[in-house]
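Visitor: I should like a close look at a single part of this chain. Please start from one residue and work outwards from there.

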Amino acid sequence: MPNENYISLSELQHRIKGAVETALPMPLWVAAEIAEMKVNYSGHCYLELVEKAEPAEGSRRRADAGAVPRAQARAVIWRSQYAMLSSYFEAETGSRLEAGMKILARVLVSYHELYGLSLQVVDLDASYTVGEVERQRQLTIRRLQADGVWDMNRETELPLLVQRVAVVSSSAAAGYRDFCNELRGGGYAFAVTLFDAVVQGAAAEESVVAALCAVAERADEFDAVVLIRGGGSASDLSCFNSYRICSYVAQFPLPVITGIGHDKDTSVADMVAHTALKTPTAVAAWLTERMARSEAWLDESARRLREMTEGRTRMERLRLERYAADLSHGAAALAAACRARLDLRREQLAGAVQRRIESERQRLAVAEGVVEGCHPRRIMRMGFAVVRRDGVALTAASAASAGDRLRVELYDGALEVDVAASDTEKRA
């Protein structure tokens, strides 16, 4: 027999509806995150609210990376209230209602037999959202400081001349166009490479991180990274308070210059970047001004170097002229001294030669006298004669024989005589 103790599905749903509406008859304040949001053509706003587990403080895991919702519910803001609530919320927070935002909503709980549980939002506490944004911001700051990376990018050395610039921005953003126009108007040759990224909304965090990774792979090609976007609401710029983007910026191997467009607040990305400026135009002006200062410094250095070179050249020219004058005077004095010594040597040599000539002349005279004294004619003059036979002088009588024809040379002539007999032959 079938069990007769049952109820229909509609009866079950009716009982659930009654139980829910009886247990929760009054509006409640509920904290949740907007997972999805859609405003349809009729003006009604449909929301998907979730609650996610919070990461432990100090954890390196992204708060929303792979987190499974702990609770989920559908909600609606009827057209009659949506225009008023959204205007109030934006005026108080500076941000529009959008997915990813945490809100404190006053809701009526209802249950429908066909559509199940739903929440009707009748009020919003804007101060909660503002406080939640600040809480997340402070959490990011504490985590970065705990990681020891808070000052890393500020300690990165910025080159004297920043010309090769990697820009992380949206190619369609007005801020990027303003940045490029300002750079072009500065008159300096900047090499700008765009790494296109989504810079607001739910996809911004992943897109910006991917762009930074792409820059890091080509870090040797750039002098610095510029992270820019135009102005926007606080929620538009909230991604620049996310731990993941700020951690990448803090630890980036190149100096990061930000121009995120905050009018009042400073994002955490600004805090950890090497240099933070208010707008993309301000970044371009800062780069141009830095280049102008470098150019002025180079011009001044060139001027000072030129003046120093000219001064040193003049000083060295004067010193060379002084040396040349000293050398000329010294050379003239040395030449005069050498001429004087040469004249003295010439005189000394002439005297020595004359004395030598006189000495040799005297010696020659003496020798001449000696030679003259020993000349046979001088002896012959005294009565002596030279006897020759066949041209050979005879020194002994025995050398001549009877019948020899001899030539007798006297002082004033010669005689030809025949030998009759020699003393030697007579004694024999």
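Visitor: Does leucine 160 count as buried or exposed, and at what relative accessibility?

Guide: Leucine 160 counts as exposed, because its relative accessibility is 54%. The terms follow fixed cut-offs: buried means under 20% relative accessible area, exposed over 50%, and partly exposed in between, with a 1.4 Å probe and protein chains only. The model is a predicted one, in which local features need pLDDT of at least 70 and side-chain atom pairs count only at pLDDT 80 or more, while totals for chains, interfaces and linings use all residues. Residues are numbered from 1 along each chain as its sequence is written, and side-chain values use heavy atoms, leaving out hydrogens and water.

Leucine 160 is placed in the loop between α3 (126–147) and β6 (164–169). Helices (H or I, at least four residues) and strands (E, at least two) are DSSP runs numbered from the N terminus. Together with Leu161, Trp297 and Leu298, Leu160 makes a nonpolar surface patch of about 420 Å². Such a patch takes residues with over 30% relative accessible area and no salt bridge; nonpolar side chains (Val, Leu, Ile, Met, Phe, Trp, Tyr) are joined within 5 Å, and like charges within 9 Å. The areas come from the Shrake-Rupley method with a 1.4 Å probe, and for residues only the protein chains shown count as cover.

Leu160 is also one of the residues in contact with arginine 290, the others being Leu158, Pro159 and Val162, once neighbours within four places in sequence are left aside. Contact here means heavy atoms within 4.5 Å. Arginine 290 lies in helix α8 (residues 280–373) and is buried, because its relative accessible area is 17%. Its C-alpha atom is separated by 39 Å from that of glutamate 92, the two residues being 198 apart along the chain.

Helix α8 also holds a salt bridge, formed by the side chains of arginine 303 and glutamate 307 at 2.6 Å, N to O. The term requires a side-chain nitrogen of Lys or Arg within 4 Å of a carboxyl oxygen of Asp or Glu. These two residues are four apart in helix α8, so about one helical turn separates them. Both are partly exposed: arginine 303 has a relative accessible area of 30%, and glutamate 307 has 43%. Elsewhere, Arg388, Arg407, Glu409 and Glu416 are joined into one network by salt bridges that share partners. The whole structure contains 22 salt bridges.

The helix that precedes the loop of leucine 160 also deserves attention. Two packed helices are described by the angle between their axes and the distance between the axes. For α3 and helix α6 (residues 243–250) the angle is about 40° and the axes are 10 Å apart; axes are lines fitted to C-alpha atoms, for helices over the stretch in contact, and angles run from 0 to 180 degrees between N-to-C directions. The crossing of α3 and α6 is right-handed, meaning that the near helix is turned clockwise from the far one by less than a right angle, whereas anticlockwise would be left-handed. At this crossing, Thr140, Arg143, Leu144 and Asp147 of α3 meet Tyr243, Cys246 and Ser247 of α6.

Tyrosine 243, in helix α6, is buried, since its relative accessibility is 10%. The C-alpha atoms of tyrosine 243 and alanine 172 are separated by 26 Å, with their positions 71 residues apart along the chain. Helix α6 takes part in a salt bridge as well: the side chains of glutamate 206 and arginine 244 meet at 2.5 Å, N to O. Glutamate 206 lies in helix α5 (residues 204–217) and arginine 244 in helix α6, so the pair ties together parts 38 residues apart in sequence. With 42% relative accessibility, glutamate 206 counts as partly exposed.

On the other side of β6, serine 170 is placed in the loop between β6 and α4 (174–185). Serine 170 counts as buried, because its relative accessibility is 19%. Not counting residues up to four places away in sequence, serine 170 touches Tyr176, Asp196, Ala197 and Val199. Arginine 184, found in helix α4, counts as exposed, with 61% relative accessibility.
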